[in-house]
Structures are given as C-alpha cells and as structure tokens.
Amino acid sequence: MLISRRSWLKIGVAGACALAAGGAVYRLAQAPAAASRFALDGEALAVLYAIIPVMLGPVLPAPPAARATALTAASGRVRDAVLSLPLATQPQVQDLFGLLALGPARRLLTGVRGGWAQADPAQVAAFLQSWRTHRLQTLQTAYHALHDLIIGAWYADPSTWEAIGYPGPPKALLA
C-alpha cells in the first residue's frame, strides 16, 4: 500500500495531537503539590553524576572513595539549591533534568549515547560546550542553569573553600 504525501501529513498531525493530548492528561492527573516540588531521582541523579565532574574538573578529589563522597555531597547541594528556588522555577529545572534523562531527547540534544552512567567525560564536555555557545537561546539558558547550580552549590559550601585558598568571608568585628 502506497501512502500519499497528504495522508502522511494527516497521520503526522494526528500523532502530534495525540501526544499533546496525552501530555495534557498526564499533567492534569499529577497532584499539584507533588508536581511542583523538585525531586532528584535516579536518572536525574545520573545526569548530575556525569556533568558535575566535567564542570568541576580538577577541583574534585582524585581518590575514588573521596571522589564518590564529593559527588554525593555536590549532588545533594544542587538538590538543596533547586529546592531553595521559587516554587514556580522548580518545575522548569525538573523539566530540564527530565529532558536530559529521556533517552531520545538525550541523544538528539546532547549526543550522549547510552545512559548517563556510561557517558564519556569528553562527550559530556562536548555537549556542554555546544549548549554554552549554541545559537538557540533556550539551550544557552539551560547550560547556564546547570553551570550556575553546580558551581554555585559547590562553592557555597565552606568545606570546598580550602581547595581554592579562600579564607571565607571577613569576620565581623566585635565592638
């Protein structure tokens, strides 16, 4: 059976409408309170575990046990940073992590094949650089959101200051 171009377009439009309707039903079925709070779950955590070492580079400790501890602490601080954002912003960050966790979107937007747990650091660095300089403002904004969350959460913790020689904020003088 040969499908005409017009039939092919009708099928495509019908499929897009079906996906949009399914997405709307899914959003309506979610409890508003649960959907509005950020949750750092399995694949979103894997995204962070792949991106954090690339963004922080040599600042992370080299020994495997210390590195794993630092990654766990850094991802927890990113989660806490997102939870401190306004409730209207948290779903946007959740959507970004959801997009990065979704297989087809991950491959299309980042070029990372397989899961984030198997992602090559060079691949992750290339995707971050491409988003940083992308012609689409949306991808640049997504890069800057990831960058600011990770770098900000890392250096907001006093335990990371010694590695860069920062003595901390000036002590208030007591009168």
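Which residues of helix H8 are buried? To find out, let us walk through this predicted model together. The buried residues of H8 are Leu-139, Gln-140, Ala-142, Tyr-143, Leu-146, Leu-149, Ile-150, Ala-153 and Trp-154. You can find the helix itself at residues 137-155. H8 has 19 residues, and the distance from its first C-alpha to its last is 26 Å, close to the 27 Å expected at 1.5 Å a residue.

What do those buried residues pack against? Their partners are four helices: H3 (42-56), H4 (64-83), H5 (90-101) and H7 (121-132). Try finding each of these in the structure above, starting from H8 and looking at its neighbours.

Now step back to the whole protein. There are 8 helices and 0 strands, and if you read along the sequence the pattern is α-α-α-α-α-α-α-α. Of the 175 residues in the protein, 29% are buried. The accessible surface comes to about 11300 Å², and 66% of that surface belongs to carbon and sulfur atoms. There is also a helpful number about how the chain meets itself: among contacts with a separation of 6 or more, 59% are between residues 24 or more positions apart.

Let us look at one of H8's partners, helix H4. H4 has 20 residues and reaches 28 Å from its first C-alpha to its last, close to the 28 Å expected at 1.5 Å a residue. Its buried residues are Ala-70, Leu-71, Ala-74, Ser-75, Gly-76, Arg-77, Val-78 and Val-82. These pack against H3, H5 and H8, so the packing between H4 and H8 can be followed from either helix.One name in that group, Arg-77, deserves a second look. How many salt bridges does a search of the whole structure find? There are 2. In one of them, Arg-77 is paired with Asp-157, and the closest N and O atoms are 3.1 Å apart. This pair links distant parts of the chain, with Arg-77 in helix H4 and Asp-157 in the segment after H8, 80 residues apart. Is Arg-77 buried or exposed? Arg-77 counts as buried because its relative accessible area is 17%, and the cut-off for buried is under 20%.

The other salt bridge joins the side chains of Asp-80 and Arg-79, at 3.0 Å from N to O. Here the surroundings can be described with two percentages. Asp-80 has 42% relative accessibility and counts as partly exposed. Arg-79, at 34%, also counts as partly exposed.

Next, visit Arg-106, which sits in helix H6 (residues 103-110). Arg-106 is buried yet has no salt bridge. Which side chain of opposite charge is nearest to Arg-106? That is Glu-43, 4.4 Å away, while a salt bridge needs the atoms to be within 4 Å. Leaving out residues up to four places away in sequence, Arg-106 touches Glu-43, Leu-99, Leu-100, Ala-101, Gly-111, Val-112, Arg-113, Gly-114, Gly-115 and Trp-116.

Ala-101, one of the residues touched by Arg-106, also leads us back to helix H3, where Ala-46 has its place. Ala-46 and Ala-101 are 55 residues apart along the chain, and their C-alpha atoms are separated by 8.2 Å. Ala-46 is buried, with 17% relative accessibility.

The segment after H8 has more to show than Asp-157. Trp-161 is found there, and Tyr-166 is too. Trp-161 is buried, with a relative accessible area of 17%, whereas Tyr-166 is partly exposed at 39%. Not counting residues up to four places away in sequence, Trp-161 touches Tyr-155, Ala-156, Tyr-166, Gly-168 and Pro-169. Two of the residues on that list, Tyr-166 and Tyr-155, are 11 residues apart in sequence and 9.9 Å apart in space, C-alpha to C-alpha.

Finally, turn to the surface. Which residues make a nonpolar surface patch of about 340 Å²? They are Ile-3, Trp-8 and Ile-11. Of these, Ile-11 lies in helix H1 (residues 5-29).

Technical notes
Residues are numbered from 1 along each chain as its sequence is written. This is a predicted model: local features need pLDDT of at least 70, side-chain atom pairs count only at pLDDT 80 or more; totals for chains, interfaces and linings use all residues. Side-chain values use heavy atoms; hydrogens and water are left out. Helices (H or I, at least four residues) and strands (E, at least two) are DSSP runs, numbered from the N terminus. The expected span of a helix is 1.5 Å times one less than its number of residues. Buried means under 20% relative accessible area, exposed over 50%, partly exposed in between (1.4 Å probe, protein chains only). Contact means heavy atoms within 4.5 Å. Accessible areas come from the Shrake-Rupley method with a 1.4 Å probe; for residues, only the protein chains shown count as cover. Lys and Arg count as positive and Asp and Glu as negative; His and the chain ends are not counted. Patches are made of residues with over 30% relative accessible area and no salt bridge: like charges are joined within 9 Å, nonpolar side chains (Val, Leu, Ile, Met, Phe, Trp, Tyr) within 5 Å.
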